[in-house]
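Student: I'd like a close look at a single part of this model, the metal site. Please walk me through what holds the metals and how the site sits in the chain.

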Amino acid sequence: MATERVVIDPLTRIEGHLRIELECDDNQIKNAWSESTQFRGIETIVEGRDPRDVWAFVGRICGVCTGTHSVASVTAVEDAIGSNPPKQAQLIRDLVMASQEIHDHVVHFYHLHALDWVNVVSAADADPAKAVEFAKSINSTWKGNTETQFAKVRDTIRGVLDSGQLSIFTGGYWDHPDYRLPPEANLMAVSHYLDALQFQRSIIRINTIFGGKNPHPNFLVGGMACSIDPDKSETVNQVQLDQMGVWVNEILDFINGCYYPDALAIMSVYKDYFDIGASSPTFIAAGMGGARYEGGTERPVSSGHTDIKGGVIMDGDYTTVHPLDPKKIKEYISSAWYTYTEGDDAGVTPDVGETTVRYTGPKPPYDWLADNDKYTWSKAPRYDGRPAQVGPIARVLVAYLQGHPKTVSLLNDALDAVDVPLEKMNSTAGRTLARALEAVTTADHLAHELLPAFKDGLRHGDYDVFDPTKWEPSSWPKKASGFAMMEVARGFLTHWVTIKNGKVDNYQAVVPTTWLAGGRDPEGHLGPYEAALASSGTHPLVDPKQPLEPLRTIHSFDPCMSCAVHVFDPDGNIQVQVITP
Ligand code: NFE
Ligand code: MG
């Protein structure tokens with residue numbers, strides 16, 4: 001069979017603009033290109049500005065992982081100027097980041113990824129009583145698992161189908177032959193999809209309390225902008241802390257009783273996806289999810305999971321975790337529309353990174369980008385020359401290999417339940433399962449470590465949330481540089497700042513989705529999205545008009561192109577142009 005070119009553009013149920021070009025043969029993907037078609041350039045916007053303002057600009061890199069870039073920014077600036085935020089301020093940032101991560105994982109699983117596995121149309125045929133039985137059989141303890149609720153959802157779905165307008169479910173590949181769940185499982189999952197809409201709206205109010213609003217909460221170089229005192233009406237006080245306790249309990253109920261059992265059960269049904277979508281076998285994590293990590297290897301972790309260190313799993317060797325050395329990070333642009341003073345095949349470390357745009361692609365509309373060396377706005381970060389996977393899968397593997405008790409016991413149980421070995425976590429199903437598993441450990445950390453530590457500080461009268469000693473630029477050196485390492489929902493995030501005479505001289509963000517969605521490097525290594533689709537040569541694509549299988553694999557990374565880069569056309573020689581749901 002002749003090689004067939006397939007373009008998926010836009011790939012939807014993600015944040016931002018992603019185009020995937022594929023070459024397929026015999027219903028299998030043989031080559032793939034990950035193309036970010038939107039330029040944003042926020043790194044250049046902050047040059048010349050007051051470093052204390054940068055958090056507000058870079059926070060707008062993304063509305064999905066909202067707040068993460070702001071926390072990375074204030075941390076990098078504090079590293080540069082030598083500011084030390086008080087412990088309570090650090091704990092507030094950790095609470096905000098942990099809530100954000102849980103929120104993000106739930107939105108991803110139910111609203112962005114679940115419909116790759118769950119068939120909404122089939123749910124119309126379900127028996128609500130049997131759906132309750134199904135929920136019990138997978139150990140789902142969620143309060144929404146009632147016959148009344150399931151009947152209501154089923155009737156709503158029937159009504160929507162009868163109307164002929166599928167609303168938020170329009171454009172799904174509902175007659176694709178590879179939807180495998182029974183109607184009752186589909187009904188339960190759609191019901192949980194709707195519950196998750198309420199849940200994510202409710203729990204993120206933790207961030208509105210500490211950050212004043214959400215998305216884009218307020219932050220502050222040297223601490224936090226919210227004052228705290230349990231006894232005052234105008235500050236974060238006891239009433240709000242009690243309310244937060246209620247939301248944290250909701251988080252535990254939903255994650256442990258709904259999200260995790262759903263993800264485990266669904267991935268068990270699609271077990272062959274542990275053999276599909278293996279990607280770059282190097283994994284980077286600065287530590288565990290739900291915690292913030294300061295500075296370099298030489299500096300201690302300020303708070304959070306102090307028992308887990310940053311680490312790198314190299315080249316698929318699951319026996320050793322190497323120390324994480326941020327000096328080994330370089331960004332390449334040989335496949336991206338930028339230029340470097342040293343030449344476009346150079347690798348540049350982010351402390352002296354360059355963001356010089358040079359678009360050399362075709363004038364839109366275009367048919368096919370991959371014939372050009374440069375085909376994306378996303379740079380290609382490499383660790384010691386290697387493409388690397390970041391995100392829940394990297395964090396879970398690094399924590400597991402370092403013996404983090406909760407991760408070890410959960411992952412061992414999960415691997416037993418689906419009956420696959422550890423190495424198979426490098427797969428489409430593995431990434432999805434790891435994200436759910438991490439939601440459990442982060443919820444546990446939030447409820448049982450972070451919130452109690454914060455309240456304990458209050459009990460001892462510790463209301464201090466700001467270090468004023470380095471606020472005035474006159475207290476800074478003439479030239480300073482700093483960086484921050486974080487773990488955010490999609491993975492390993494670093495921000496790098498150079499300050500000269502009180503202004504930002506250079507700013508670089510090396511972002512999880514840039515690690516994952518970047519294209520080829522000068523050595524020809526594929527980026528992780530590309531490798532997941534193309535490196536095996538056997539990734540299925542049964543019907544190019546309904547590219548459900550590559551969608552499952554790309555969604556398993558939880559793409560956010562707005563973060564990654566901080567026009568398309570349906571005509572021409574392409575055999576299939578697909579608009580995805
Ligand atoms: Ni826009 Fe982000 C996260 C960051 S990802 S979502 O999580 O940083 O690349
Ligand atoms: Mg960048």
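Tutor: A donor here is an N, O or S atom within 2.8 Å of the metal, and water is not among the atoms, so sites may look incomplete. Please also keep in mind that this is a predicted model.

Let's begin with the nickel atom of ligand 1. Three cysteines coordinate the nickel through their SG atoms: Cys 62, Cys 560 and Cys 563, at 2.2 to 2.3 Å. What geometry does the site of the nickel atom have? Its four donor atoms make angles of 100 to 122 degrees, and the site is tetrahedral. The label requires all angles to lie between 85 and 135 degrees. For orientation, the ideal angle for four tetrahedral donors is 109.5 degrees.

Along the sequence, the donor residues of the nickel follow the spacing C-x497-C-x2-C. Cys 62 is found in the loop between helix H2 (54-58) and helix H3 (68-81), whereas Cys 563 belongs to helix H17 (residues 561-564), so this pair ties together parts that are 501 residues apart in sequence.

Cys 563 is the residue to follow to the other metal. This cysteine bridges the nickel atom and the iron atom of ligand 1, with 3.1 Å between the two metals.

Now to the iron atom of ligand 1. Its coordinating residues are Cys 65 and Cys 563, again through SG, at 2.5 to 2.7 Å. Why is the arrangement around the iron irregular? The four donor atoms there subtend angles of 78 to 167 degrees, which makes the arrangement irregular. Four donors count as tetrahedral if all angles lie between 85 and 135 degrees, and the range of 78 to 167 degrees at the iron does not meet that condition.

Seen from the iron, the nickel lies 3.1 Å away, and Cys 563 coordinates both metals. The cysteines of the iron also link distant parts of the chain: Cys 65 lies in the loop between H2 and H3, Cys 563 in helix H17, and 498 residues separate them.

To put the picture together: the loop between H2 and H3 supplies Cys 62 to the nickel and Cys 65 to the iron. From helix H17 comes Cys 563, which coordinates both metals. The nickel site is tetrahedral, while the iron site is irregular. I hope that helps you find your way around the site!

Technical notes:
Residues are numbered from 1 along each chain as its sequence is written. Chains are lettered from A and ligands numbered from 1 in the order in which they are written. This is a predicted model: local features need pLDDT of at least 70, side-chain atom pairs count only at pLDDT 80 or more; totals for chains, interfaces and linings use all residues. Side-chain values use heavy atoms; hydrogens and water are left out. Donors are N, O and S atoms within 2.8 Å of the metal (3.2 Å for Na, K and Ca); water is not among the atoms, so sites may look incomplete. Four donors count as tetrahedral if all angles lie between 85 and 135 degrees; four count as square planar and six as octahedral if opposite donors are over 155 degrees apart and all others between 65 and 115; anything else is irregular. Helices (H or I, at least four residues) and strands (E, at least two) are DSSP runs, numbered from the N terminus.
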